[in-house]
Amino acid sequence: NSAYQAIIYGPSASVSNTSAERIIIQGAPGYTGTAGEGGDIYLWAGPGGSSGGDGGDIKIRAGRGTTTGSGGYLNFQAGNSVDGNGGYINIESGSSANGTGGNITIDANSGGNLDLYTSAAGVIRLNTAGGNYVWQFDSNGNLTLPTNGTTIIHNGLLIGSEGTYAFIDIPNNANSNLYGGLRVVNQDGPVTITSFLQSRIVTGK
């Protein structure tokens with residue numbers, strides 16, 4: 001009946017069992033003794049109507065805690081493996097043929113932390129412009145900046161690279177295009193320090 005919603009609702013709690021029970025949706029395993037793949041699970045929202053209708057939403061939300069109780073958590077974990085590679089997680093917004101693709105927002109509310117970390121020797125990469133500019137944090141605590149990119153830190157302080165050099169520009173006035181300070185250059189020889197209108201500290205990469 002198109003006038004009613006379809007609802008999957010778990011068993012209710014009771015006096016004898018005050019915690020409500022789970023709802024489990026699980027794909028079947030591959031056939032025993034073979035390399036068959038386990039069953040997939042698909043959740044698809046419906047497409048919009050043919051005259052400019054919006055696509056349907058998929059909303060996943062954990063339960064709300066009451067008074068001093070904690071809210072439920074969301075756990076997204078791909079599959080483990082013994083000798084093969086672990087499964088990957090792909091979060092990707094929708095594209096548009098003529099408009100702008102959808103945003104992705106990660107927000108830790110009410111003073112919560114946002115932690116990004118890898119185990120073993122993994123790295124964290126931030127890619128922009130289709131991967132042309134890559135920020136990379138490695139397992140040794142090193143940050144590699146994009147080639148020919150510039151980082152604006154505060155009040156016009158710039159950190160970036162040009163060709164084979166990295167540089168730091170230090171403005172003498174946040175509202176001015178003029179810089180004052182020293183230029184330190186190291187290029188296949190002794191370090192030279194000169195006074196210059198535009199301060200640029202350059203080191204070989």
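From the N terminus on, the elements of the protein run β-β-β-β-β-β-β-β-β. The model is a predicted one, and the exercises below work through its strands, backbone angles, side-chain contacts and pockets.

**Exercise 1. Overall composition**

Determine how many helices and strands the protein has, and what percentage of its residues is buried.

Solution. Step one is the count of elements: the secondary structure comes to zero helices and nine strands. Step two is the burial: of the 205 residues in the protein, 7% are buried. The cut-off in this step is a relative accessible area under 20%.

**Exercise 2. The sheet**

Establish the order of the strands in the open sheet, the sense of their pairing, and which strands lie at the edges.

Solution. The open sheet consists of three strands in the order 1-2-3, and the pairing is antiparallel. Strand 1 (124-128) and strand 3 (143-144) are the edge strands, since each pairs on one side only. In general, the strands of a sheet pair through backbone hydrogen bonds, in either a parallel or an antiparallel arrangement.

**Exercise 3. Register of strands 1 and 2**

Find how many bridges join strand 1 to strand 2, and identify the strand 2 partners of Arg 125, Leu 126 and Thr 128.

Solution. Strand 1 and strand 2 (residues 133-137) are paired antiparallel over five bridges. The register can then be followed along strand 1. Arg 125 has Gln 136 as its bridge partner in strand 2. For Leu 126, the bridge partner is Trp 135. Thr 128 stands opposite Tyr 133. The connection between strand 1 and strand 2 is a hairpin with four residues between them, and Ala 129 in the turn has a positive phi of about 55 degrees.

**Exercise 4. Register of strands 2 and 3**

State how many bridges join strand 2 to strand 3, and describe the connection between these strands.

Solution. Strand 2 and strand 3 run antiparallel and are joined by two bridges. Within this pairing, Phe 137 has Leu 143 as its bridge partner in strand 3. The two strands form a hairpin with five residues between them, and in its turn Gly 141 has a positive phi of about 85 degrees.

**Exercise 5. Positive phi before strand 1**

Locate Ser 110 and Ala 120, give their phi angles, and decide whether each is buried or exposed.

Solution. The general expectation comes first: most residues other than glycine have a negative phi. Ser 110 is not a glycine, yet its phi is positive, at about 55 degrees. Ser 110 lies in the segment before strand 1. Because its relative accessibility is 82%, Ser 110 counts as exposed.

Ala 120, also not a glycine, has a positive phi of about 55 degrees. Ala 120 is placed in the segment before strand 1. With a relative accessible area of 77%, Ala 120 is therefore exposed.

**Exercise 6. Side-chain contacts**

Identify the aromatic pair and the salt bridge found in the whole structure, and classify the residues involved as buried or exposed.

Solution. The search of the whole structure finds one aromatic pair. This pair is formed by Tyr 42 and Trp 44, with 5.0 Å centre to centre and 50 degrees between the planes, and is tilted. The class follows from the angle, because planes under 30 degrees apart count as stacked and those over 60 as edge-to-face, with the rest tilted. Both Tyr 42 and Trp 44 are exposed.

The search for salt bridges across the whole structure likewise finds one. Here the side chains of Asp 57 and Lys 59 meet at 3.9 Å, N to O. This distance is to be set against the cut-off, which is within 4 Å. Asp 57 and Lys 59 are both exposed.

**Exercise 7. Pockets**

Give the volumes of the largest and second largest pockets, and describe the residues that line each.

Solution. The largest pocket has a volume of about 950 Å³. Its lining comprises 14 residues, of which Ile 89, Ile 91, Ile 106, Asp 115 and Leu 116 are the closest to the centre. Sorted by class, this lining has eight nonpolar, four polar and two charged residues.

For the second largest pocket, the volume is about 510 Å³. The residues lining the second largest pocket include Ile 8, Tyr 9, Gly 10, Glu 21, Arg 22 and Gln 26. By class, the lining of the second largest pocket has six nonpolar, two polar and two charged residues.

Notes: Residues numbered from 1 in each chain as written. Predicted model: local features only at pLDDT ≥ 70, side-chain atom pairs only at ≥ 80, totals over all residues. Heavy atoms only, no water. Pairing = 2+ DSSP bridges. 1 Å grid on protein atoms, 1.4 Å probe; cavity = no way out; pocket = protein on both sides within 12 Å on 5 of 7 lines; lining within 4 Å. Points joined across faces, edges and corners; volume = space filled by probe spheres on them. Nonpolar A, V, L, I, M, F, W, Y, C, P; charged D, E, K, R; others polar. Buried < 20%, exposed > 50% of the residue type's maximum accessible area, 1.4 Å probe, protein only. Phe/Tyr/Trp six-rings, centres within 6.5 Å; stacked < 30°, edge-to-face > 60°.
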